[in-house]
Amino acid sequence: MFANGEKRPASSEQGPYALPEGSALSSPISPAAESLSAALKFHFDAVKGGLPNTHSVDSFWTALSMRIYDILCARLLQYYYVSTIGGVILARDVECIRSACTLAGKEHTHWDTLMEILVLYMTGPEKLQSILEGEGSKPGRKSGCRAGLFGRAGRNQCLVFLSRRQDYLVKTSVGNERSQWATKLLSELGVDDPTEGGKEVNIAAYSAAERIANSLN
């Protein structure tokens with residue numbers, strides 16, 4: 001996704017957003033995210049001038065926006081883990097890129113949903129259930145209902161993104177295992193872990209096209 005710059009310490013194995021608690025934020029936005037956003041905005045006028053009409057501009061920019069979104073999500077879900085403070089930086093980076101990706105086109109719901117999902121990285125484990133199911137959730141309530149983040153973003157979408165929290169897994173003598181809070185949360189939600197046993201994530205299911213299609217259903 002985006003590099004955070006040399007002054008931001010992070011585990012090379014877990015990516016640039018796996019920052020330890022107490023890390024100082026040297027800048028509000030990662031240099032790479034800022035550069036990409038600036039480049040997109042700089043070239044936007046050239047794109048408008050080189051295409052015959054507004055419809056063509058919208059179509060081109062929407063396709064570009066969706067491709068950037070797909071690359072971003074693929075990097076996160078395949079390679080990166082996110083700590084609480086890393087989630088703050090990630091949200092700023094995504095918003096920075098989103099501002100350039102929405103300069104044209106009308107379908108940007110995938111970005112809106114992603115910004116909501118990123119809250120999962122910045123929230124304490126004790127508040128995750130109410131976010132996922134909705135404030136009015138009750139014990140035994142089905143998680144598939146149209147409420148909370150499950151209802152707006154999709155259950156599996158939320159759970160797979162959640163699994164990229166840096167504290168989701170803990171190291172044990174027999175390898176990585178799901179943390180106690182994560183196991184308890186899944187039990188209370190009445191759902192299975194879609195990443196159980198290192199199951200491979202189908203990245204195509206998290207593309208912008210899939211997100212837009214699901215939002216229309």
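Biologist: Which elements are included in what covers the buried residues of α9?
Modeller: Buried means under 20% relative accessible area, exposed over 50% and partly exposed in between (1.4 Å probe, protein chains only). Helices (H or I, at least four residues) and strands (E, at least two) are DSSP runs, numbered from the N terminus. The cover over the buried residues of α9, counted by contact (heavy atoms within 4.5 Å), includes α6 (128-133), α7 (148-153), α8 (155-162) and β2 (175-178).

Biologist: Happy to follow you there, but what pLDDT do side-chain atom pairs need to count?
Modeller: Residues are numbered from 1 along each chain as its sequence is written, and side-chain values use heavy atoms, with hydrogens and water left out. This is a predicted model, where totals for chains, interfaces and linings use all residues, local features need pLDDT of at least 70, and side-chain atom pairs count only at pLDDT 80 or more.

Biologist: How many degrees of arc do the buried residues of α9 cover?
Modeller: The buried residues in α9 are Trp181, Ala182, Leu185, Leu186 and Leu189. The face turned away from them carries the exposed Gln180, Lys184 and Ser187. Taking directions from the helix axis to the C-beta atoms, the buried residues sit on the same side of α9, because their arc is only 130 degrees.

Biologist: Which residue just after α9 takes a positive phi?
Modeller: Look just past the end of α9, which spans 180-189. A positive phi of about 70 degrees is found there, at Gly190.

Biologist: Further along, what relative accessibility does Thr195 have?
Modeller: Thr195 sits in the loop between α9 and α10 (208-216). Leaving aside residues up to four places away in sequence, Thr195 touches Val160, Ser163, Tyr168 and Val201. Thr195 counts as buried because its relative accessibility is 16%.

Biologist: Now to the other helices: are α3 and α4 roughly parallel or antiparallel?
Modeller: Axes here are lines fitted to C-alpha atoms, for helices over the stretch in contact, and angles run from 0 to 180 degrees between N-to-C directions. The two axes lie 10 Å apart at an angle of about 170 degrees. With under 35 degrees counted as roughly parallel and over 145 as roughly antiparallel, α3 and α4 are therefore roughly antiparallel.

Biologist: How many charged residues does the contact of α3 with α4 have?
Modeller: From α3 come Ala91, Val94, Glu95, Ile97, Arg98 and Cys101, which meet Trp111, Asp112, Leu114 and Met115 of α4. Asp, Glu, Lys and Arg count as charged, Ala, Val, Leu, Ile, Met, Phe, Trp, Tyr, Cys and Pro as nonpolar, and the others, Gly among them, as polar. The division is 7 nonpolar, no polar and, for the charged class, 3.

Biologist: And which residues of α4 meet α2?
Modeller: The axes of α2 (residues 54-79) and α4 (residues 109-117) come within 10 Å and cross at roughly 30 degrees, and the helices are therefore roughly parallel. On the α2 side the partners are Ser65, Met66, Ile68, Tyr69, Leu72 and Cys73, and on the α4 side they are His110, Trp111 and Leu114.

Biologist: What arc do the buried residues of α4 fall within?
Modeller: Buried in α4 are His110, Trp111, Thr113, Leu114 and Ile117. These residues line one face of the helix, because down the axis of α4 they fall within an arc of 165 degrees.

Biologist: Last one: what distance separates the C-alpha atoms of Tyr80 and Gly15?
Modeller: Tyr80 is in the loop between α2 and α3 (84-101) and counts as buried at 9% relative accessibility. Tyr80 and Gly15 are 65 residues apart along the chain, yet their C-alpha atoms are separated by 4.8 Å.

Notes:
Angles under 35 degrees count as roughly parallel, over 145 as roughly antiparallel, 65 to 115 as roughly perpendicular and the rest as oblique.
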